[in-house]
Structures are given as structure tokens and as C-alpha cells.
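The following exercises are to be worked through with the sequence and the structure at hand. Each task is followed by a solution in steps.

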Amino acid sequence: MRVKVNGLQVAYTDEGAGLPLLLVHGFPLNRKTWSKQVEAFKARHRVIAPDLRGLGQSESTPGPVSMSRFAEDLHALMDYLGTGPVILVGHSMGGYVALAFAHAFPKMLRGLVLVGTKAGKDTPETAAARRATAEKVRNVDASVVVDAMAPKMLAPTNTDEAMAAAVREFMIPSHPEGIIGALLGMADRPDARNWLGKIRVPTLVIAGADDSIIPPSESEAMAEAIPGAKLTLIPKAGHLVAFERPEAFNECLRVWLAWGGDEPRSRKVRISERPAGSNLMEAWSP
Ligand code: MLT
């Protein structure tokens, strides 16, 4: 499906009914990376997965795209779809966007799931490398990014060639202008670490134990800083953990959802820090 919101055509998937899950993909990917979650959760949830501005089948716009601009696009889509507050699931760059969304629109969240992502901003070196890559994409084409990133998306020990080919396929449709915009937006993104302590919704942090793009230590640090957050590291999984180990990922998300984002193990440690009534299911009325 496609709709014009916030000044651009946004492509999205919208299936099922129930407490809404909004799935936000990473860079330079698209909503197809969530196909195994859409199938698994649509029986109990409304599952919405957009292509971010300039990626997948969504329209691109010239210039840098800030994480808050991506978050505004999500908000506009939610408004159009009449979702009300959602459980926002963000992978990698989608996690940067999810944190920007949590900062800008806290009342539109019921829960937060941060996958293979981090809260800190780029070092000056990383930001400079992103700007140089954006320049190369402008002068050559998007294959510069696809060739560099595709081999790092799965666990180093994963020898599944069909899966590796599927990951490359996810990256191909992205428009060079969209790739450049996202690279420049990530290079300029603010440090979100100070926002973490203010998150007041149930939060689940998931990472692939063998992620070579964003180390799992970043997930550990986020889970420590977010009141009541639960952390799961999935073994034998790399950066694209939800696609690479869908059974383990879906089980982890399913259990967390079934406990209303408040598993007994995390309750013991930090439930006192969460305001009453913030449990996912308590807050949800169909
Ligand atoms: C992603 O998967 O979204 C990117 O690797 C994030 C990044 O480059 O920081």
C-alpha cells in the first residue's frame, strides 16, 4: 500500500488487528526485512511496517533526512491509519528513529523494542566516513553501500547463501538520493543517551550476540539506562537478527508481549522505577 503523508508517498504493509506493532527497518534496508514478523504476529496484532523516506518503495526527497524527520513521517502515517499509541520496534537506524520518536511523541508509545541499535551519536570519524560514502554514492551509485554493508548483516559463521542473497536483494531497491539522505541524517544525529532515563513505557532490547556492525555492549548499556528494560542477546545471530533468527527473535518478542512487557525476572529488579499503569496490556483497550 502507498499513501501520501508528510509530503511524500510512503509505502507500507498493514495486516492483522489488535494492539499495534509498528516495525521500523534499518539502513539501507526496507520493510521486507520484517516479513517473518508480519506473518508471525498478524494473528494477534495489527502489524504495520513502512518503508522509511527514500528507502524501499517510499519516495525520496533531496537533502539530509534527520532521525526526527523520519519520526515525523511515522507519526503522520500513524495519524492517517488511526493507530493511536503503538509498540514501536526499531532495528538499527530504525532504532535511532524509534528513540527520536520516543523523545518527540512519548504519548504515542505503548512500548518500545530496540533491536541491534545504540543511543550514542557518531564519533567525528564515523560521521566523516558517512559523508564520504554519501559523496561516493552521488558520484558512483548505491552499490558502494550495498557491497560494503551486505556482507556484515549476518553472523560471521552464517554460511546460508540464500539468506545472504536475500539480504542483498533487500538493499537494491533503495534510491541513491534516499541512501545519501539517510547517511547524512545519521552523521548529524544527536546523542540520545540522555533521553533513555526518561522512557516511561515497557522496553525490550534485543541484539544478535555476533553483531559486527553495532556491538551487543551498546544494547547492554541501553538496557541499563532505560527504567525496567529487559535485555535479550540472541546467540548465533548478527546485525539483522530478526531476519536471521526469526524463531528465536519472535519467541522473545512474543513472551515479552504476553507478559505485557513486564516479565517476572525484570519485575524483580526494576519494576519500582516504572509508573503504575504502564504495563502494555493494562494500557491497551481494543
Ligand atoms: C543500520 O543497519 O541501520 C545501520 O548499520 C546503522 C548504522 O550504520 O549506524
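Serine 92 is placed in the loop between β5 (86-91) and α3 (93-104); the model in which this loop is seen is a predicted one.

**Exercise 1. Characterise serine 92 by its accessibility, its backbone and its surroundings.**

Solution.

Step 1. The relative accessible area of serine 92 is 8%. Buried means under 20%, so serine 92 is classed as buried.

Step 2. The backbone is examined next. Serine 92 is not a glycine, yet its phi is positive, at about 55 degrees.

Step 3. The surroundings include a ligand: Ser92 belongs to the residues around it, and Met93 and Tyr96 are also among them.

**Exercise 2. Describe the site of the ligand, from its shell to its polar partners.**

Solution.

Step 1. List the shell. The residues around the ligand are Gly26, Phe27, Ser92, Met93, Tyr96, Arg130, Met149, Met186, Ile213 and His239.

Step 2. Sort the shell by class. It holds 6 nonpolar, 3 polar and 1 charged residues.

Step 3. Identify the polar partners. For methionine 93, a backbone N or O atom lies 2.8 Å from an oxygen atom of the ligand. For arginine 130, an N or O atom of the side chain is 2.8 Å from an oxygen atom of the ligand. For histidine 239, a side-chain N or O atom is likewise 2.8 Å from an oxygen atom of the ligand.

Step 4. Consider the cover. On its own the ligand has 270 Å² of accessible area, and the protein covers 94% of this.

Step 5. Assign the space. The ligand takes up the space of the largest pocket.

**Exercise 3. Which peptide bond is cis, from phenylalanine 27 to which residue? Locate the second residue of the bond.**

Solution.

Step 1. The bond runs from phenylalanine 27 to proline 28, and its omega is near -10 degrees.

Step 2. Proline 28 is part of the loop between β3 (21-24) and α1 (35-41).

Step 3. The link to the preceding exercise is Phe27, one of the residues around the ligand.

**Exercise 4. Asparagine 6 is not a glycine; what is the sign of its phi? Determine also its place and its exposure.**

Solution.

Step 1. The phi of asparagine 6 is positive, at about 55 degrees.

Step 2. Asparagine 6 lies in the loop between β1 (2-5) and β2.

Step 3. Its relative accessibility is 38%. Partly exposed covers the range between under 20% and over 50%, so asparagine 6 counts as partly exposed.

**Exercise 5. Is threonine 13 buried or exposed? Find its side-chain partner.**

Solution.

Step 1. Threonine 13 is located in strand β2 (residues 8-15).

Step 2. With 17% relative accessibility, threonine 13 counts as buried.

Step 3. The side chain of threonine 13 is joined to that of arginine 31 by a polar contact of 3.0 Å.

**Exercise 6. For four residues, set position, exposure and a distance in space beside one another.**

Solution.

Step 1. Alanine 142 is in the loop between α4 (124-139) and α5. Its relative accessibility is 12%, so alanine 142 counts as buried. Alanine 142 and proline 176 are 34 residues apart in sequence, while their C-alpha atoms are 5.4 Å apart.

Step 2. Arginine 189 is in the loop between α7 (176-187) and β7 (203-208). Its relative accessibility is 5%, so arginine 189 is counted as buried. From arginine 189 to tyrosine 96 there are 93 residues along the chain, and their C-alpha atoms are separated by 8.3 Å. Tyr96 is also one of the residues around the ligand.

Step 3. Alanine 49 lies in strand β4 (residues 47-50). Its relative accessibility is 1%, so alanine 49 counts as buried. Between alanine 49 and glycine 16, 33 residues apart in sequence, the C-alpha to C-alpha distance is 12 Å.

Step 4. Lysine 152 is in the loop between α5 (143-149) and α6 (161-171). Its relative accessible area is 43%, so lysine 152 is partly exposed. Lysine 152 and leucine 21 are 131 residues apart along the chain, with 27 Å between their C-alpha atoms.

Terms used:
Residues are numbered from 1 along each chain as its sequence is written. This is a predicted model: local features need pLDDT of at least 70, side-chain atom pairs count only at pLDDT 80 or more; totals for chains, interfaces and linings use all residues. Side-chain values use heavy atoms; hydrogens and water are left out. A residue is near a molecule or strand if one of its heavy atoms lies within 4 Å of it. A polar contact is a pair of N or O atoms within 3.5 Å; within protein, one must be able to donate a hydrogen and the other to accept it, and residues adjacent in sequence count only if both atoms are side-chain atoms. Accessible areas come from the Shrake-Rupley method with a 1.4 Å probe; for residues, only the protein chains shown count as cover. On a 1 Å grid over the protein atoms alone, a cavity is a set of points where a 1.4 Å probe fits but cannot get out, and a pocket is an open set with protein on both sides within 12 Å along at least five of seven lines; lining residues have an atom within 4 Å of a point. A molecule sits in a cavity or pocket if more than half of its atoms lie within 2 Å of its grid points. Ala, Val, Leu, Ile, Met, Phe, Trp, Tyr, Cys and Pro count as nonpolar, Asp, Glu, Lys and Arg as charged, and the others, Gly among them, as polar. Helices (H or I, at least four residues) and strands (E, at least two) are DSSP runs, numbered from the N terminus. Buried means under 20% relative accessible area, exposed over 50%, partly exposed in between (1.4 Å probe, protein chains only).
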